[in-house]
Every structure is written in C-alpha cells, then in structure tokens.
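Student: I should like to learn how strand pairing, salt bridges and burial are read from a set of coordinates. May we work through one example together?

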Amino acid sequence: MIDLLKKNGKFYKANLHAHTTFSDGKMSPLEMKNLYKKNGYSIMAITDHSKFIYHKDLDDKDFLNIAGFEADFNFYNPDGTTTKRKTCHVNFFSKNPETAEVLPQNKTYDINIINNYIRDMAEKGWVAMLNHPAWSQQGMEEVNTIKGFLGMEIYNHGCNVIYNNGFTHDWFRSYISSGNKIYAFATDDVHCGVQANGEPNKGDNDSCGGYINVSMPSLTYENFFDAIENGRFYPSTGVEIKDLYIDEEKDELVISCSPVSTVIIKGNTCSSFKVPRIHTDENEITNFVVSMEHIRKQYTYFWVELKTKEGKIAHSQPYFLK
C-alpha cells in the first residue's frame, strides 16, 4: 500500500496566512488565537506584512504559533509609490524562531530579485510559500520561473470572499507541468475584526475558511516543519480526506472522505472528458475506487479533488508516477 496522505499521527488543523493589528489586520494576536482555537484550529502562522514577530506567548499544549511574515515585491512609480499593476507576495516561516534572522529585502518586482531572496532566506532557515498569484495578477508562465518555494496557495479565503479570485488550481497545475515539484496549500489571509462576543465581523469575515490538515505524531514545532516539508498535509475548505492510498495488489486508487458530491482525478492533461470522475446531485459519496491503469494512461502525475454540492473542497498533494 502506498499512503498518499503520508499519515504520521493525527491531523491538526492549521491556517498559515493571517494579519493582525501589527500590520493591516483588525484582530490582536490573542483575539485571533481565541477565534481560531474555538473553531477547531491547533496551528496558526501570523504573517504580518514585512514585520516578523515571534508570538511564542500564544503557544499552549493545544495551540502552536508558527513564526512568519509576508514579504511583497512591487512595481514602483518614480515617486516611490507602488503601481498596483502587479505584485508578488511570499510567506516566510522560520524553522528556528528563537534565532531567526530576516535578511534586508529589495522589494522591487524582478524575478531574479525574488528568486535570490527566497534562496538566501532558505539558507537562514526559512521556508517559503507563494501567495494568491491570481489576486497578484501574475501570469502563469511568469510564476513558473519563480523557484525555491515549498508550495503555493491553491485557495486563499480572503481573496475569494472579497475579490472572487481565491482559487488558483490552474497556476498550480501549470507550475507542476513545467517540471517543478511543490505542495498545495489553502489559507485564510485573514484581516477581519471581531465583535465584543468574539465572533468575526459579518461584513468582512475572511476567517476560518481555508486551511491545511497536517499529520503529526504530536503538536510540536519540529513535527510541524517535518510534516510540511515532506507533504504530510492536504488543503481543504471543509472536506475531510480520511484515506487516500494505492492498493498495489489490486492496482487501484482508494479514496475515503466525508460526504461529497464530486470526486475528480486531475493531472497533466487538458482532455477533461477522459478524466476519472464521479458526480452526484447530493453529498452521498464517501468512498471511491478507480483503476490505476486508467490513471496511468492519462497522467504522469495526478491529484484528487473532492467537492460538496455547496462548493467545499479538499485537494490531495500531487503524486508523481514512475
């Protein structure tokens, strides 16, 4: 059996993109922890814009704060203001938060500058994630030339709620089809505030919508980075993947999940009518088996997408066939 979830313990719910009152968010770090913990999250990365603060005081036995920040690269007018034409946002997560060093950044949008900064930060113990390329108005071919990040947001809840451009599956598939191997993430990019009762503001609620489920033997900082660097997680907006494996004896892909209406196997083909899929009008699918021979005829890599009739999704990590 080949376990495509690479399970190594229980799953912990994590949001890795969040902004607080230390940048342009409306919640304090403690308010954010309380909101997310109440909604079943165990892990949070506070990634304020161009500002690294290690909020270790948020940690407890059931909650882990990941140290990070969001860097941006922009086009500038002669007066130094940004053109807003195009941008590139990258989240950086520190593997060594107690001794983390943030390198000075040239914020000019230039692929070489971006690649060099990601490379230099990696040498200092930082892990990079590319954020919301659709919102950033980055072309797919251009994104394909950015190197060194661990993964890409395939769903950004804030972008989806406010701008209706939160899904970036096509950028992800284009990047992988170009010969790159990365992981898929879903995040919130939360900025909203909370009411006196601790509930998020209704008018701009971009919280608790996109997340990853991370498989770890226990809730520790070291286990978290071991899990994400080895792909032991999957992105979701509300669907649970319970099992996902290849039965080598039967040569079958086996899927078990919370109730969904659609299961689709995607990879490097545009012949969508040949893609293995099943669809129903109701959320009545909890198990699905498909021949690996069918998949191998279509793809050199594939992933599984699950969707409810309400539009909630889950997305496995890509699996590369030999």
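Student: How many bridges join β13 to strand β14, and in which direction do the two strands run?

Tutor: A pairing is read from its bridges, and two strands count as paired if at least two bridges are found between them. In this predicted model, β13 and β14 (residues 277–279) are joined by three bridges and run antiparallel. Within that pairing, isoleucine 264 stands opposite arginine 277.

Student: Which residue of β16 stands opposite isoleucine 264?

Tutor: A strand may have a second partner, and each pairing is then read separately. Isoleucine 264 stands opposite glutamate 305 in β16. Strand β16 (residues 301–307) is antiparallel to β13, with six bridges between them. As for its surroundings, β13 (residues 262–267) is mostly covered, with five of its six residues buried.

Student: How is the order of strands in an open sheet written, and which are the edge strands?

Tutor: The strands are listed from one edge to the other. Here four strands form an open sheet in the order β1-β11-β12-β15, with antiparallel pairing. The edge strands are β1 (2–3) and β15 (285–291), each of which pairs on one side only. Within this sheet, β11 (residues 241–247) and β12 (residues 252–260) are joined by six bridges and run antiparallel. One register point is leucine 244, whose bridge partner in β12 is isoleucine 255.

Student: What should be noted about the hairpin of β4 and β5?

Tutor: One examines the strands, then the residues between them. Strand β4 (residues 64–76) runs antiparallel to strand β5 (residues 82–94), and eight bridges join them. Tyrosine 76 stands opposite threonine 82 in β5. Five residues lie between the strands of the hairpin, and glycine 80 takes a positive phi near 95°.

Student: To which further strand is β5 joined, and by how many bridges?

Tutor: Strand β5 is joined by six bridges to β6 (residues 126–131), and the two run antiparallel. Here asparagine 91 stands opposite methionine 129 in β6.

Student: Let us turn to charged pairs. How many salt bridges does a search of the whole structure find?

Tutor: The search finds 16 salt bridges. A useful reading of any pair takes the distance, then the location of each partner, then the accessibility. Consider aspartate 72 and lysine 107, whose closest N and O atoms are 3.2 Å apart in their salt bridge. Aspartate 72 belongs to strand β4 and lysine 107 to the loop between β5 and α2 (111–123), so the pair ties together parts 35 residues apart in sequence.

Student: Are these two partners buried or exposed?

Tutor: Aspartate 72 counts as buried because its relative accessibility is 12%, under the 20% cut-off. Lysine 107, at 28% relative accessibility, counts as partly exposed.

Student: Which salt bridge illustrates a pair within a helix?

Tutor: Glutamate 293 and lysine 297 both lie in helix α7 (residues 292–298), four residues apart, which is about one turn of the helix. They form a salt bridge with the closest N and O atoms 4.0 Å apart. Glutamate 293 is partly exposed at a relative accessible area of 45%, while lysine 297 counts as exposed at 64% relative accessibility.

Student: What partner does aspartate 62 have, and which residues are linked in a network of salt bridges?

Tutor: Aspartate 62 forms a salt bridge with lysine 61, the closest N and O atoms being 2.9 Å apart. Aspartate 62 is partly exposed at 37% relative accessibility, and lysine 61 is exposed with a relative accessible area of 71%. The network links Lys33, Lys37 and Asp60.

Student: How should one read glutamate 153, which is buried yet has no salt bridge?

Tutor: One asks where the nearest opposite charge lies, then which polar partners the side chain has. Glutamate 153 is in strand β7 (residues 151–156), and the nearest side chain of opposite charge, lysine 13, is 16 Å away. Its side chain makes a polar contact of 2.7 Å with the side chain of histidine 17. The side chain of glutamate 153 also reaches the backbone nitrogen of histidine 132 at 2.9 Å.

Student: Which other residues is glutamate 153 in contact with, leaving aside its neighbours within four places in sequence?

Tutor: The contacts of glutamate 153 include Met129, Leu130, Asn131, Pro133, Thr168, Phe185 and Thr187, as well as His17 and His132.

Conventions
Residues numbered from 1 in each chain as written. Predicted model: local features only at pLDDT ≥ 70, side-chain atom pairs only at ≥ 80, totals over all residues. Heavy atoms only, no water. Buried < 20%, exposed > 50% of the residue type's maximum accessible area, 1.4 Å probe, protein only. Lys, Arg positive; Asp, Glu negative; His and termini not counted. Polar contact = N/O pair within 3.5 Å; in protein donor to acceptor, adjacent residues only side chain to side chain. Contact = heavy atoms within 4.5 Å.
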